[in-house]
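Let's take a walk through a protein fold together. Have the sequence and the picture open side by side, and follow along as we go.

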Amino acid sequence: MRRQQMWAVALAVAALGVLPACKTTSSEDLKNSFEVVDHRTSWVSTFYQAWPPRLKLAPQIVFRVKNISDKPLTYVNFNATFVSKDDQKNLGDALLAAIRGKALGPGEISDEIVLKCNSSVEGKNKQDFLTNPGWEPYQVKLFAQSRGSLPVLIAIFEVSRDIDFEEDEPVGEVKKGTGN
């Protein structure tokens, strides 16, 4: 009986030593601990087929964060939700556990964080997208979450119409002006 009590006391002491390390972060503290810097958006290929022509594009956001707090920033997940600007219809999202392992110290800027939508829109080729009046404008809602905090909305950005993709050159065609 005495031995069981000793184990119970040892376990309680160990638990008290671990509990401070399991501190949660409030949503407000998280939102005030960093700022988004160097963001850009574009559309990237998720599938390409030259013949018959078929191209799928997904929106993505690339950004860095700067720690503006006086404490190291650790264990931050980012979620990007891509929605239609007009009716807020959800196209898809992306989730990344971006700041892990090595903490982001006060004043430091993270490496690039890339969040690509898990869903895409389809067309025949790049020109098909560029000339399609039905290509809806989209926004990306960027959320962050850390150590038990609720997801907090960090920013809303417009998704640009830039397409970060180049189609293959046609094979066997003679280019004008080469004399061939």
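Which residue forms a salt bridge with Lys89? Keep in mind that you're looking at a predicted model. The partner is Glu136, and the closest N and O atoms of the two are 3.8 Å apart. That counts as a salt bridge because the cut-off is a side-chain nitrogen of Lys or Arg within 4 Å of a carboxyl oxygen of Asp or Glu. The general idea is simple: side chains of opposite charge can pair when their charged atoms come close.

Now find the two partners along the chain. Glu136 sits in the loop between helix H3 (126–130) and S7, while Lys89 sits in the loop between strand S3 (76–84) and S4. The two are 47 residues apart, so this pair links distant parts of the chain. As for how open they are, Glu136 is partly exposed at 23% relative accessibility, and Lys89 is partly exposed too, with a relative accessible area of 45%.

Both of those loops lead into strands of a sheet, so let's look there next. This is an open sheet of four strands with antiparallel pairing, in the order S4-S3-S7-S8. What stands at its edges? Strand S4 (90–99) and strand S8 (152–158) do, and each has a single partner strand, so one side of each is left without a neighbour in the sheet. On average, neighbouring strands here are turned by 20° against each other, ignoring direction. Zoom in on S7, which covers residues 138–146, and you'll see that S7 and S8 pair in the antiparallel sense over six bridges. For one spot to check, pick Gln139: its bridge partner in S8 is Glu158.

Time to move to another part of the fold, built around S2. Strand S2 runs over residues 54–67. Is S2 mostly enclosed or mostly open? It turns out that 10 of its 14 residues are buried, so S2 is largely enclosed by the rest of the structure.

Who are the partners of S2? S1 pairs with S2 in the antiparallel sense over 13 bridges, and a hairpin of four residues joins S1 to S2. You can spot this pairing at Val44, whose bridge partner in S2 is Ala58. S5 is also antiparallel to S2, with four bridges between them; here Val62 has Val114 in S5 as its bridge partner. S6 pairs with S2 in the antiparallel sense as well, over three bridges, and Lys56 stands opposite Glu122 in S6.

Stay with Glu122 for a moment. Its side chain meets that of Arg54 in a salt bridge, at 2.7 Å from N to O. Glu122 is in strand S6 (residues 121–123) and Arg54 is in S2, so the pair ties together parts that are 68 residues apart in sequence. Glu122 counts as partly exposed at 48% relative accessibility, and so does Arg54 at 30%.

One more stop: the side chains of Glu112 and Arg40 also meet in a salt bridge, at 3.0 Å from N to O. Glu112 lies in the loop between S4 and strand S5 (113–116), and Arg40 lies in strand S1 (residues 34–49), so this pair ties together parts that are 72 residues apart in sequence. Glu112 is partly exposed at 40% relative accessibility, and Arg40 is partly exposed at 44%.

How many salt bridges does a search of the whole structure find? Six, including the one between Glu136 and Lys89 where we started.

Notes. Residues numbered from 1 in each chain as written. Predicted model: local features only at pLDDT ≥ 70, side-chain atom pairs only at ≥ 80, totals over all residues. Heavy atoms only, no water. Pairing = 2+ DSSP bridges. Axes fitted to C-alpha atoms, helices over the stretch in contact; angles between N-to-C directions. Buried < 20%, exposed > 50% of the residue type's maximum accessible area, 1.4 Å probe, protein only.
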